[in-house]
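Reader: I am new to reading structures, and I would like to understand how the descriptive words are chosen. Could you take me through a few of them, one at a time?

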Amino acid sequence: MQKRTLGRTGPEIAPLVFGGNVFGWTADEKTSFDLLDRFVDAGFNAIDTADVYSRWVPGNSGGESETIIGNWLKARGSRDKVVLITKVGSDIGQGRVDLSPLHIEKAVEASLKRLQTDVIDLYLSHWPDPTVPHAETLGAYKRLIEKGKVRHIGASNLDAGQLKAALDAADHHGLPRYEALQPAYNLYDRSEFDGPLRDLCMARGIGVISYYGLAKGFLSGKYRSKADLGKSTRGSSAASYLNERGMRILAALDEVSAAHGVTQAQVALAWIMARPGITAPIASATSLDQLDSLTGAASLHLSVADMKRLDTASAP
């Protein structure tokens, strides 16, 4: 499988990243181990998580996903086979988004311990923190890189202005810059990335690993009415897509997937993989059948006509 370089100097990753948000939530440890085994055996190598996953689950406190991944790495001896991506800054008990050096230096140690590794391949600022200057946050990352605890840094959920300000701060102060961005992006949710943010990433050589690749499951095609939302634990989150534009996108996915004999989810992810400026989408699965469907997207070639059909249907 052909790998793609994440950013100018980042790691090489396969064109699909496993989303670890489900670990400790809708996938228990045994299921998570099975999923990770199948993912790596299929030739994929990047796993995305965050220190806050899955704090939203009753009884969880955060760190459950990292802990499961760490247990899997130890049990399989697979550390050298994967690119570990995790995030810092979300509220894990401190009461707010926090990208202060003090919090980062404390949080990275906890993540390293849970992941049972000495180094994080890509460490992301999870959310913007307007209370902390970019230079202070980047300075903290510089020290972590120098200590060998982090290899590369990136950010999630920044708009074009915020990302440019962070890049300018890195240049001005001689600090490491964000080499990767993690925005929400899919056939339905296009407006935040398409345009100035994508142009900036492409111009500055920033890798992009997008999340919500299946629009919270909507683009899998299983949610077509309000009655369908009860099909899964996460179904209610897809309710906002049940409108005229959403149905238009599903119709295009149905058409293209039928022509290729593949699933709608594969087409939705293959469209992202083929979009300018995208390194790889992130997608999660809670069963081996789901995972096999997702990984099949990497070998699906969409024609110019396919892309045009999908682009037209998904136009705002």
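Author: Let us begin with a pair of helices in this predicted model: helix 2 and helix 3 are described as oblique to each other.

Reader: Why are helix 2 and helix 3 called oblique?

Author: Helix 2 and helix 3, the latter covering residues 101–115, pack at an angle of about 45°, and their axes lie 6 Å apart. Angles under 35 degrees count as roughly parallel, and 65 to 115 as roughly perpendicular; the pair fits neither range and is therefore oblique.

Reader: Which residues make the contact?

Author: Helix 2 contributes Glu-66, Thr-67, Ile-69, Gly-70 and Leu-73, while helix 3 contributes Ser-111, Arg-114 and Leu-115. Sorted by class, this contact of helix 2 with helix 3 has three nonpolar, three polar and two charged residues.

Reader: What makes Ala-215 count as buried?

Author: Buried means under 20% relative accessible area, and Ala-215 has a relative accessibility of 0%, so it counts as buried. Ala-215 belongs to the loop between strand 9 (207–210) and helix 7 (244–260), and it has a positive phi of about 50° although it is not a glycine.

Reader: What is the phi of Asn-157, and where is this residue found?

Author: Asn-157, which is a residue other than glycine, has a positive phi near 65°, and its place is the loop between strand 7 (150–156) and helix 5 (160–173).

Reader: Is the peptide bond from Tyr-53 to Ser-54 cis or trans, and how do you know?

Author: The bond from Tyr-53 to Ser-54 is cis, with its omega near 0°. Ser-54 itself sits in the loop between strand 4 (46–48) and helix 2 (64–76).

Terms used
Residues are numbered from 1 along each chain as its sequence is written. This is a predicted model: local features need pLDDT of at least 70, side-chain atom pairs count only at pLDDT 80 or more; totals for chains, interfaces and linings use all residues. Side-chain values use heavy atoms; hydrogens and water are left out. Helices (H or I, at least four residues) and strands (E, at least two) are DSSP runs, numbered from the N terminus. Buried means under 20% relative accessible area, exposed over 50%, partly exposed in between (1.4 Å probe, protein chains only). Axes are lines fitted to C-alpha atoms, for helices over the stretch in contact, and angles run from 0 to 180 degrees between N-to-C directions. Angles under 35 degrees count as roughly parallel, over 145 as roughly antiparallel, 65 to 115 as roughly perpendicular and the rest as oblique. Contact means heavy atoms within 4.5 Å. Ala, Val, Leu, Ile, Met, Phe, Trp, Tyr, Cys and Pro count as nonpolar, Asp, Glu, Lys and Arg as charged, and the others, Gly among them, as polar.
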